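Here is a short report on how strands and helices are arranged in a protein model. Keep the structure open as you read.

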Amino acid sequence: MEKDNPMTSETTPGDGVQKLHFYQKGTFTVGNRLVSSDERSVQSSIDRSNALTCGHRACQGCGEALGARYAIDTAMEAAGGNLIAVNATGCLEVFTTPYPESAWQLPWLHSLFGNAAAVATGVAAAMRVKGRREVRVVAQGGDGGTTDIGLQCLSGMFERNDDVLYICYDNEGYMNTGVQRSSATPPAARTATTPVLGDEPGNVFGTGKSVPKIAVAHEIPYVATATVADLRDLEAKVKKAMSIHGARYIQIDVPCPLGWGAASHETIHLARLAVETGFYPIFEAEHGRVTSVRKIRHQVPVTEYLKLQKRFAHLFKGDKVDPRVARLQARCDANIAEYGLLDAA
Amino acid sequence: MEHPYAITLDVGTSLANHTGSWRTKRPVYVDRLPPCNAACPAGENIQAWLFRAESGDYEAAWRKLTENNPLPAIMGRVCYHPCQGACNRGEVDEAVGINSVERFLGDEALKQGWGFDKPETESGKRVLIVGAGPSGLSAAYHLRRLGHQVTIKEAGPLPGGMMRFGIPKYRLPREIIDGEVKRITDMGVAIEYGVKVDDIAETMREGRFDAAFLAVGAHIAKRAYIPAGAAARVLDAVSVLHSMEDGEKPMLGRRVVVYGGGNTALDVARTAKRLGAEEAVIVYRRTRDKMPAHDFELEEALQEGVLVKWLSTIRNVEEGEITVERMELDASGFPQPTGEIETLATDSVVLALGQDVDLSLLDNVPGLEIDKGVVKVGPNMMTGAPGIFAGGDMVPSERTVTVAVGHGKKAARHIDAWLRGETYEPAEKHELASFDKLNTWYYDDAPRTIQPVLADVRRTSTFEEVVGGLDETNALYEARRCLSCGNCFECDNCYGVCPDNSVIKLGPGNRFKFNYDYCKGCGVCAAECPCGAIQMVPEAI
């Protein structure tokens, strides 16, 4: 056999993320000059649609603004630009579209706080009636509009298997109204409604819910969690979701510098730590069954994640470490065990 | 335009909202100094040539490399690679095998016949170089590139200096020296062999040279007084290694003792093994951690069966045996005699105790200063005599090939400026790209491609090269392990991670720029830049 050309033999289009391993500088970065163009991420392209463009009023280092551009640019590419977005009330709506300005560069509708899934179902139905099969629909909202206020409409959309991709940008609270607790707020976190008062300050253990698990229980075609810390994984999931018709749900961990009390440059670092601690499990499920998980690369203790955020600062006040830190570590360990996030040593 | 009820404004894009006004810190693209470059005595721009090698453009990589060092195939074999000791990758897994990639590029250049361009214009100035060792050759190359006429006068019969007469063949094959020297002579550098310069001032006058660079090296073996019987066979390392090149192989016998603890001692012991000695014993007065030789070379020697007698001095040499005294280190680490004596059977003793410079050619030069046997030079490599510069082993320095090559380059730049009546001002160095400036999450874990090592048996019986080279696939792999510390490698991270879409991608080779109209100064780009090429600078408010 002739000697393989190393420039092409190690990576072939379609071999996916793993094959990029060969490129020591391209595996985890957004792009790389050494990778062939069809293997590069959507975000590395000069031609990305920038569905969410400059001039929006999100805070410095906003994880949600970043996650939304990542997700919608990928969906735009997958749909060939034929995409309509329905947006629940929340940060994303407020900071992108203070009338009369809009930062969106695609057809975009603002629904009520709780009915984005139902409105998106209606848009999809309208397109079907008009014979516009090529037009795809996404609904998007924050965790408040999804896990609390919009859950009933969302469950209906799932149960009817409507042809909508619902994307939840999870920043673990109601941030634009002043950081109140949602059912996605983690235990012990300080919010305006779970203040640092009493014996066990912050959010209460044993409350909250996992909407990804609820979505999986609906046995819809596709459910995934993703993170702004892993762009390639996020893009692959949105692309996959767009290749499927029916109800799909993706929840993206988007750190909020304001609500979490973190430095604006730490956004991606925090999202990465959420994955590497096991705090935020990243997985995919199809038709009610978990099909893949994103393994932890370098495991770190949960304290490294917590200490960067003022919402957990009360756990580390004084000389003693709050015993609830151990409970949060146990939560991570339980996630690691449940999803098999660590490779056997 | 008619507005609906209660509406007074036209709809429009958010681009009207210049969020750049929120910023208190601005990101700025910077080039920081990679630690490998900072550590290289020859001043190579290592990161830059690895960058070119990574894309498989080996000729461009070689040309970038040879901007600073004309001898990569030699350097890839004999350099002690301080770059790898400084490499930030060492803190992630293992240092990049820079030296092996350099050797690959050097060998590739010889194989493909890549040559240097001749200078476009001639300056009309004539420079004399004394000595065709590494610093002389390096100076000749750089001066020629700057358009000067260069003549090297070499006392020996062949080029290379200590690279040929001090470094054994199994570490540096001679055709490699010849190949790399030929490229320099092809540029128009003249080398006259067998010409010993006895009087530098006279030689310069005669040849109408405008400046001279002295690089005669240090070829005189240091002696130590050791009582020896009349029939005892005592040799010195310099002449043993030198005679390996003259055809007349030195007669060392079956049992050889080498006295000294430097790299030269190891070279002699390993050479003795290859000449058929059953026993090669190094006698060194201190301990392994105090040994000036490089540990990896000691390790290779030990693997080949070289023995070392630590903490020992030679008291007396007789025919067939030597008397050795055991030493002890005192509190300050100096060896002190103990009075314990033993004898070792041996056929010859080789002294490897260091070398001195032959300074006779400088006798008639006014202003020139000698200190502790070496020539004093200023920061510009010029001796006390105007127009006479010096470098390599004959000036105070670490005596390695790489340092010598660096001296040659530095001297050439100063000579060039001096010939024009100017002073050479080196560009200011960038801030060091230290490990804390990197975000190593983005680099994959990968072990170093180990240079294949020939089997011990094969190694000791021949003068073949001990350390093998990389082939193309693993050279490419090794090059791609470079972290590109401090210098943008266009990974698109900043372009991707900006929540405000405020990084403008300028396309391949052109890097990026910030759109300060919208950049809010969050600092995510700087935090997520793998190689530390973005700096956050406070805004003047």
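Which residue of β15(B) stands opposite Val257(B)? The answer is Val349(B). Keep in mind that this is a predicted model.

## The sheet of chain B

Val257(B) and Val349(B) face each other across two paired strands. These are strand β9, residues 255-259 of chain B, and strand β15, residues 348-351 of chain B. The two pair in the parallel sense over 4 bridges. Strands of a sheet pair through backbone hydrogen bonds, either parallel or antiparallel.

Both strands belong to an open sheet of 5 strands in chain B. The order is β8-β15-β9-β10-β11, and the pairing is parallel. β8 (234-236) and β11 (307-309) of chain B stand at the edges. Each has a single partner strand, so one side of each is left without a neighbour in the sheet. Neighbouring strands of this sheet are turned by 25° against each other on average, direction ignored.

A helix lies across part of this sheet. Helix α12 (residues 263-274) of chain B crosses over β9, β10 (279-283) and β15 of chain B. The angle between α12(B) and β10(B) is about 165°.

## The domains of chain B

Chain B is divided into four parts: domain 1 (14-31 + 488-538), domain 2 (37-114 + 443-479), domain 3 (126-219 + 357-419) and domain 4 (231-352). How many Å separate the centres of domain 2 and domain 4 of chain B? Taken over C-alpha atoms, the separation is 31 Å.

## Helix pairs in chain B

Two packed helices are described by the angle between their axes and the distance between the axes. Start with helix α2 (residues 46-54) and helix α6 (residues 98-112), both of chain B. Their axes come within 11 Å and cross at roughly 60°. α2(B) and α6(B) are therefore oblique to each other. Their crossing is left-handed. From α2(B), the contact uses Ile46(B), Trp49(B) and Leu50(B). From α6(B), it uses Ile98(B), Val101(B), Glu102(B) and Leu105(B). By class, this contact of α2(B) with α6(B) has 6 nonpolar, no polar and 1 charged residues.

α6(B) also packs against helix α9 (residues 174-186) of chain B. Here the angle is about 70°, and the axes are 11 Å apart. That makes α6(B) roughly perpendicular to α9(B). This crossing of α6(B) and α9(B) is left-handed. Gly106(B), Asp107(B), Ala109(B) and Leu110(B) of α6(B) meet Ile176(B), Gly179(B), Glu180(B) and Arg183(B) of α9(B). The residues of the contact of α6(B) with α9(B) divide into 3 nonpolar, 2 polar and 3 charged.

## Another pair: α7 and α14

Helix α7 (residues 134-145) of chain B packs with helix α14 (residues 401-419) of chain B. The angle is about 35°, with the axes 7 Å apart. Is the crossing of α7(B) and α14(B) left-handed or right-handed? The crossing of α7(B) and α14(B) is right-handed.

Residues of α7(B) in this contact include Pro134(B), Ala139(B) and Leu143(B). Among those from α14(B) are Val401(B), Gly408(B) and Asp416(B). By class, the contact of α7(B) with α14(B) has 8 nonpolar, 5 polar and 2 charged residues.

## The sheet of chain A

Now turn to chain A. An open sheet of 8 strands has the order β3-β1-β4-β5-β7-β6-β8-β9 there, with mixed pairing. Its edges are β3 (108-110) and β9 (289-293) of chain A. Each has a single partner strand, so one side of each is left without a neighbour in the sheet. The twist averages 20° from one strand to the next.

Inside that order, look at strand β6 (residues 222-227) and strand β7 (residues 248-253) of chain A. β6(A) and β7(A) pair in the parallel sense over 6 bridges. Ala226(A) stands opposite Ile252(A) in β7(A). Helix α8 (residues 231-242) of chain A packs on the sheet. The strands α8(A) touches include β6 and β7 of chain A. The direction of α8(A) makes about 160° with that of β6(A).

## Two backbone features in chain A

Most residues other than glycine have a negative phi, and most peptide bonds are trans. A cis peptide bond joins Tyr99(A) and Pro100(A), with omega about 10°. Pro100(A) sits in the loop between α3 (91-96) and β2 (101-102) of chain A.

Glu172(A) has a positive phi, near 65°. Glu172(A) lies in the loop between β5 and α7 (211-217) of chain A.

Definitions and conventions. Residues are numbered from 1 along each chain as its sequence is written. Chains are lettered from A and ligands numbered from 1 in the order in which they are written. This is a predicted model: local features need pLDDT of at least 70, side-chain atom pairs count only at pLDDT 80 or more; totals for chains, interfaces and linings use all residues. Side-chain values use heavy atoms; hydrogens and water are left out. Two strands pair if DSSP finds at least two bridges between them. Axes are lines fitted to C-alpha atoms, for helices over the stretch in contact, and angles run from 0 to 180 degrees between N-to-C directions. Contact means heavy atoms within 4.5 Å. Domain bounds come from an automatic or database domain assignment. Angles under 35 degrees count as roughly parallel, over 145 as roughly antiparallel, 65 to 115 as roughly perpendicular and the rest as oblique. A crossing is left-handed if the near helix is turned anticlockwise from the far one by less than a right angle, and right-handed if clockwise. Ala, Val, Leu, Ile, Met, Phe, Trp, Tyr, Cys and Pro count as nonpolar, Asp, Glu, Lys and Arg as charged, and the others, Gly among them, as polar.
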